[in-house]
Amino acid sequence: MRASPEQFASAVERLLKQSELSPEDTEKRFKDALDIDRWRGLVPFASIGGDGGGDDGPARIFDADAAREKRRLDSEGYFRLPQVFAPALIARMRRIVEAVRADGWPVAFAFVFDEFWSIARSPQVASFLEWAVGEGYLQNTVVWAHWVAGERRVAGWSPHDDYREGGDAFLSAWIPLSDATVENGCMFLLPAGVSREISDAMDTDTPLSPRVVRAALQDVIALPATAGAMIGWRGNILHWGGANAGSAEPRLSLALEFRSRGVSPSKFERPLIDPRAPLPSFRLRLFAITKALREYTKFEPLLLRYLPLAERIFAETLDASAAASNPPPAS
């Protein structure tokens, strides 16, 4: 007798529930998460509470690349910049993710380290972001790190958009820490003009005509990217992580979001931080990580085992969110 989809989903939910951290493990990890010295000891080659800098070399965007990608962002809603960040920095950040994962944490906890907040603050990257979302732009506290296993048919997140009503005031940036290839599941997207119709249909379970489906399939754009590149899209662009086609190489990456100053953010984006100010406090980083973890179980169901832990850390660090001051208006 074959199980119904509802029975299968119920069985999966029960298994995930059984995989939750025990109360004892949750209590230990709660204390460990708040122990900044433990994080420093776990990854002694990274920093917490510094400037996130180093001798890795500055990020670099060539003028011709910037001009081309600005035109692409205007017309198609996305951009792709090759080899922006220094290989030494990217290699160190990959090692941070690997250390965090090896210690049993969701890889998004790599965002306790400075490097994950300072990476987009170099002058040329800041100049590109300022063009994209405006003078005095801000970063929101929606951050994430991805680890897509190097196993056949394992896939990244399913098709989604980040903030459909964001318009030109919103931009997502995605930075691979390992080569993202067609074989190990690079990013794919539908360009502006196509994404909205498909997204609306997905949200409302509206059937699409064969004509629309055929056209959308031909419009899909693959975005293979080498480690240290930077790609990104507007909030209304439908995008997803591809499925591994047999590569043994995992795909590691991080995601950041930026928005125009003076535009009211969504509740999930708050608080906003000023990229020209000091890096966020340790407690605000934990707040941002667990805020995202609570939301992103819909994309990564295995995160449900950490949900009680995330809820405790989130509640404990709410004060850091409340204390984050609103950035001053642009001068």
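This passage describes an internal cavity and a small set of paired strands in a predicted model.

The cavity was examined first. A single cavity of 30 Å³ or more was counted in the predicted structure. The space within the largest cavity amounts to about 210 Å³. Its lining is formed by 20 residues. Among these 20, the residues that lie nearest the centre of the cavity are His146, Trp157, His160, Asp162 and Ala255. Four strands each give two or more residues to this lining, namely β3 (144-148), β4 (170-176), β8 (239-241) and β9 (251-259). Of the elements involved, β9 gives the most, with four residues. In chemical character, the lining of the largest cavity comprises eleven nonpolar residues, six polar residues and three charged residues.

The arrangement of strands was considered next. In general, the strands of a sheet pair through backbone hydrogen bonds, and the pairing may be either parallel or antiparallel. In the present model, an open sheet of three strands is found in the order β6-β5-β8, and the pairing is antiparallel. Strands β6 (221-223) and β8 are the edge strands, as each of them pairs on one side only. From one strand to the next, the twist averages 25 degrees.

The pairing of β5 with β6 can be described in further detail. Strand β5, which covers residues 187-189, is joined to β6 by three bridges, and the two strands run antiparallel. Within this pairing, alanine 222 of β6 is the bridge partner of phenylalanine 188.

Strand β8 links the two parts of this description: β8 gives two or more residues to the lining of the largest cavity, and β8 is also an edge strand of the open sheet.

Methods: Residues are numbered from 1 along each chain as its sequence is written. This is a predicted model: local features need pLDDT of at least 70, side-chain atom pairs count only at pLDDT 80 or more; totals for chains, interfaces and linings use all residues. Side-chain values use heavy atoms; hydrogens and water are left out. On a 1 Å grid over the protein atoms alone, a cavity is a set of points where a 1.4 Å probe fits but cannot get out, and a pocket is an open set with protein on both sides within 12 Å along at least five of seven lines; lining residues have an atom within 4 Å of a point. Grid points are joined across faces, edges and corners, and a volume is the space filled by probe spheres set on the points. Ala, Val, Leu, Ile, Met, Phe, Trp, Tyr, Cys and Pro count as nonpolar, Asp, Glu, Lys and Arg as charged, and the others, Gly among them, as polar. Two strands pair if DSSP finds at least two bridges between them. Axes are lines fitted to C-alpha atoms, for helices over the stretch in contact, and angles run from 0 to 180 degrees between N-to-C directions.
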